[in-house]
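Welcome! Here is a short guided walk through one protein model. Take a look at the picture, and then read on.

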Amino acid sequence: MAHGCLPTRYHLQTCGVQCSDHCVMCDKSYENDWHVFFVFDKLASLWEVAEIWHIIKENQEVADGFVSLFFQLLEQLPNQQLLIFAMTLWYIWKRRNEKPWSDIDTNLRMSVHMAHKSLLEWQQARERASCKDE
Ligand SMILES: [Zn+2]
C-alpha cells in the first residue's frame, strides 16, 4: 500500500493483466486504492465507527494521491487509532480478496469487528508475553 502497488484491478491492468477494471465487490466503479479503502459504498460508516473518518476526510481533500494520504494519516493518527487504522485496512483488503478467490462476501461490519477483535487479541498476547519476561 505504501508503495502504491497493491494489485487492485487498476494496477493489474497497468501491468498488462487482462481483467475487468470494475471493483470486485460492487462492480459499479473502477477499482483503485481510493475506491477499495475509502470510497467504496459504506466505507465512510466503517471509518466513522473507528472514529477515523473525520481525519480521512480532512486529509483526502488536500492529499496529492493515495500514497500521500496514507502517509499523512500515519503521521496524524494517535497511537491507538493508528493501530485500528492498520488492522482495518488489512481486513478491508482481506475481505476484498476473499470475493474473487473464494467467492466469500464477508459483511463489512463483520470485517470491522474482526479488525478490532484481532487487535485486542494481539495486544493481550503482547501483554502476556511482557509479563512472562518480568
Ligand atoms: Zn466497489
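Let us begin in a loop: Glu-51 is found between α3 and α4. Its phi is near 55°, a positive value in a residue other than glycine. Glu-51 counts as exposed because it has 11 C-beta neighbours inside 10 Å, and a residue with 12 or fewer falls in that class. Keep in mind as you read that this is a predicted model.

A second residue shares this feature. Asp-103 is not a glycine, yet its phi is positive, at about 55°. You will find Asp-103 in the loop between α6 and α7. With 7 other C-beta atoms within 10 Å, Asp-103 is exposed.

**The overall picture**

Now step back to the whole protein. It has 7 helices and 0 strands, and from the N terminus on the order of elements reads α-α-α-α-α-α-α. The C-alpha trace spans about 55 × 35 × 25 Å along its principal axes. Of the 134 residues, 20% count as buried. Taking the contacts between residues at least 6 apart in sequence, 45% join residues at least 24 apart.

**Two helix pairs**

Two packed helices are described by the angle between their axes and the distance between the axes. Here are two such pairs side by side.

| Helix pair | Angle between axes | Distance between axes |
|---|---|---|
| α6 and α7 | about 130° | 9 Å |
| α4 and α5 | about 135° | 10 Å |

Let us take α6 and α7. Their angle is about 130°, and the two helices are therefore oblique to each other. The crossing in which α6 passes α7 is right-handed. On the α6 side, the contact is made by Leu-83, Ile-84, Met-87, Thr-88, Trp-90, Tyr-91, Ile-92 and Arg-95, while α7 brings Ser-111, Val-112, Met-114, Ala-115, His-116, Ser-118 and Leu-119. Sorted by class, this contact has 10 nonpolar, 4 polar and 1 charged residues.

Next come α4, which covers residues 53–62, and α5, which covers residues 66–76. With an angle of about 135°, α4 and α5 are therefore oblique to each other. Here α4 passes α5 in a right-handed crossing. The residues making this contact are Ile-55, Ile-56, Asn-59 and Gln-60 of α4, together with Leu-69, Gln-72, Leu-73 and Gln-76 of α5. They divide into 4 nonpolar, 4 polar and no charged.

As a helpful reminder for reading such lists, an α-helix has 3.6 residues a turn, so residues three or four places apart point the same way.

**A closer look at α7**

How far does α7 reach from its first C-alpha to its last? The helix covers residues 108–133, which makes 26 residues, and it reaches 38 Å, close to the 38 Å expected at 1.5 Å a residue. Which residues of α7 are buried? They are Ser-111, Val-112 and Ala-115. These three are also among the α7 residues in the contact with α6. What covers the buried residues of α7 includes α6 (79–102) and also α3 (43–49).

**Some residues to visit**

Lys-99 lies in helix α6. It is partly exposed, because 14 other C-beta atoms lie within 10 Å. Leaving aside neighbours within four places in sequence, Lys-99 is in contact with Val-24, Met-25, Ile-104 and Asp-105. One of these partners comes from another part of the chain: Met-25 is 74 residues away from Lys-99 in sequence, while their C-alpha atoms are 6.9 Å apart in space.

Ala-63 is found in the loop between α4 and α5. Its 17 C-beta neighbours inside 10 Å are why Ala-63 counts as partly exposed. Apart from neighbours within four places in sequence, Ala-63 is in contact with Ser-68, Leu-69 and Gln-72. Two of these, Leu-69 and Gln-72, also appear in the contact of α5 with α4. As for His-35, it is 28 residues from Ala-63 along the chain, and their C-alpha atoms are separated by 15 Å.

Our last stop is Gln-18, in the loop between α1 (9–14) and α2 (33–39). Is Gln-18 buried or exposed? With 6 C-beta neighbours inside 10 Å, Gln-18 counts as exposed. From Gln-18 to Arg-126 there are 108 residues in sequence and 44 Å in space, C-alpha to C-alpha.

Technical notes: Residues numbered from 1 in each chain as written. Predicted model: local features only at pLDDT ≥ 70, side-chain atom pairs only at ≥ 80, totals over all residues. Helix = DSSP H or I, 4+ residues; strand = E, 2+ residues; numbered from the N terminus. Expected span 1.5 Å × (residues − 1). Contact = placed C-beta atoms within 7 Å. Axes fitted to C-alpha atoms, helices over the stretch in contact; angles between N-to-C directions. Parallel < 35°, antiparallel > 145°, perpendicular 65-115°, else oblique. Left-handed = near helix turned anticlockwise from the far one by under 90°. Nonpolar A, V, L, I, M, F, W, Y, C, P; charged D, E, K, R; others polar.
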